[in-house]
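Visitor: Could you take me on a close look at a single part of this protein? I'd like one pocket and one helix that helps line it.

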Amino acid sequence: MADANFDVIIIGSGPGGYVTAIRSAQLGLKTAIVEREHLGGICLNWGCIPTKALLRSAEIYHYMNHAKDYGLSAEKIGFDAAVVVKRSRGVSGRLNGGVAHLLKKNKVQVIWGEAKISKPGEVVVSKSSKTPMEPQHPTPKDAAGEGTYKAKHIIVATGARPRVLPGLEPDGKLVWTYFEAMVPPEMPKSLLVVGSGAIGIEFASFYNAMGADVTVVEIMDQIMPVEDTEIAGIARKQLEKQGLKIMTQAKVAELKKGSNDVTATIETKDGKKTELKVDRVISAVGVVGNIENIGIEALGVKTDRGCVVIDGYGRTNVEGIYAIGDVAGPPMLAHKAEHEGVICVEKIAGVKNVHPMKKEQIPGCTYCHPQVASVGLTERAAKEKGIEVKIGKFPFLANGKAIALGEDQGLIKTIFDKKTGQLLGAHMVGAEVTELIQGFVIAMGLETTEENLMHTVFPHPTLSEMMHESVLDAYGRVIHM
């Protein structure tokens with residue numbers, strides 16, 4: 001067996017786990033990472049990356065169908081579902097191999113199997129009982145296996161899995177989670193998506209673009225409930241214009257499965273019930289942390305609502321045991337997991353001036369059409385805190401680049417503290433806003449005021465100019481509107 005003694009052992013090789021392992025090795029700590037299924041975790045293999053590949057295919061298909069809007073012609077437009085899925089899986093496989101290369105390059109020992117913390121400082125690895133949904137990517141040739149391993153610091157990065165609600169249990173055929181939704185054997189003609197968070201809306205947008213008759217049911221009063229109400233409203237209007245059917249303040253009361261279809265009973269807030277017959281159902285009602293069967297219960301590690309409780313540095317209530325990423329609670333985002341892991345291991349290594357995670361500065365992105373991106377407080381949240389605010393807005397229809405792109409529907413919205421000029425939040429809907437939001441994230445991190453932003457020169461013609469105009473609008477200085 002390979003060396004069994006390490007400074008740091010990380011359980012789980014998703015974005016949080018493998019990034020933490022690399023940073024740990026960079027800091028001179030002898031590091032190992034335990035993985036039971038596939039390097040890169042859910043995000044790389046079944047989440048963030050392959051879904052973006054699917055959405056890219058849908059986007060191009062959408063533009064092909066609107067070629068005449070750009071003075072172009074395209075005939076006999078169609079798609080091959082199997083090839084669309086194959087491309088998505090190929091993108092995932094390519095990046096999976098990249099993670100293996102990075103771990104080897106940084107001399108991180110990969111241990112293959114299922115990990116259980118037997119006691120503080122000790123991890124027992126057994127043969128994995130997990131069966132991948134497709135042939136597993138090749139195990140690194142120098143990977144270790146079953147055995148007992150020791151480390152002063154053990155970091156739990158086991159991620160999360162789809163939440164299952166009574167009556168909405170996935171069966172892999174008629175009722176899907178995001179796993180099955182990413183590899184459809186054929187495109188369904190009709191689809192019900194339960195839940196309108198990022199996962200639900202992205203799949204709804206994809207299947208709608210590919211020609212399916214899609215209905216979204218959301219129990220809250222708006223789609224994408226964590227987003228600013230105005231931004232979510234604009235997104236809903238555009239999605240409905242594209243053909244999506246959306247029902248808010250509604251729930252799926254019952255599912256009746258046929259041989260190859262499902263009849264859903266949908267109940268609205270006022271108690272009215274309607275039946276909807278669809279080919280397939282996607283359950284996208286959130287995720288829950290993977291806290292079971294890793295030994296933390298017996299060791300007294302504190303959990304809350306299915307997640308490990310940590311401080312701002314990833315430390316649990318048991319010395320030497322840490323948690324990062326989805327298993328450590330919301331927001332359950334890959335970039336949060338990565339940053340959280342770096343903070344955790346830098347604190348372990350004694351790096352000076354390590355700052356705790358500031359969750360209010362973590363951006364969120366939804367890659368539907370139109371895209372949605374945000375950071376910080378919504379208008380409603382700021383007012384509920386009793387903060388007197390200044391609000392700035394700038395529409396895509398007044399931006400030259402957006403008009404040239406044929407994407408003139410959207411909005412940039414900024415929220416400032418009226419007294420201090422502090423940027424409290426930024427919210428966007430429209431083309432490529434997931435690439436724009438980082439500008440405001442940086443501004444918030446640097447504690448930039450409205451004056452700094454107004455004095456910044458933005459390039460022309462770009463979509464980013466709308467960020468500048470939104471700030472100007474908050475202070476009565478908007479130019480192009």
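Guide: Here's a walk through the second largest pocket and then helix H11. Keep in mind that this is a predicted model.

Let's start with the space itself. The second largest pocket has a volume of about 1100 Å³, and 37 residues line it. Nearest its centre you'll find Glu59, His62, Tyr63, His369 and Glu407. The lining is a mix: 14 residues are nonpolar, 13 polar and 10 charged. As for who supplies them, the elements giving two or more residues are helix H3 (48-65), helix H6 (198-209), helix H7 (229-241), helix H10 (400-405) and helix H11 (433-445). H3 gives the most, with nine residues.

Now zoom in on H11. This helix has 13 residues and reaches 19 Å from its first C-alpha to its last, close to the 18 Å expected at 1.5 Å a residue. Its buried residues are Val433, Thr434, Leu436, Ile437, Phe440, Val441, Ala443 and Met444. Looking down the axis of H11, these buried residues fall within an arc of 160°, so they line one face of the helix. That fits a general rule: an α-helix has 3.6 residues a turn, so residues three or four places apart point the same way.

And what does the buried set pack against? The partners of H11's buried residues include four strands to check on screen: E20 (364-366), E21 (371-376), E23 (411-417) and E24 (423-430). Helix H12 (450-454) and helix H13 (465-474) are packed against as well. Finally, just after H11, glutamate 447 takes a positive phi of about 55°.

Definitions and conventions: Residues numbered from 1 in each chain as written. Predicted model: local features only at pLDDT ≥ 70, side-chain atom pairs only at ≥ 80, totals over all residues. Heavy atoms only, no water. 1 Å grid on protein atoms, 1.4 Å probe; cavity = no way out; pocket = protein on both sides within 12 Å on 5 of 7 lines; lining within 4 Å. Points joined across faces, edges and corners; volume = space filled by probe spheres on them. Nonpolar A, V, L, I, M, F, W, Y, C, P; charged D, E, K, R; others polar. Expected span 1.5 Å × (residues − 1). Buried < 20%, exposed > 50% of the residue type's maximum accessible area, 1.4 Å probe, protein only. Arc of directions from axis to C-beta. Contact = heavy atoms within 4.5 Å.
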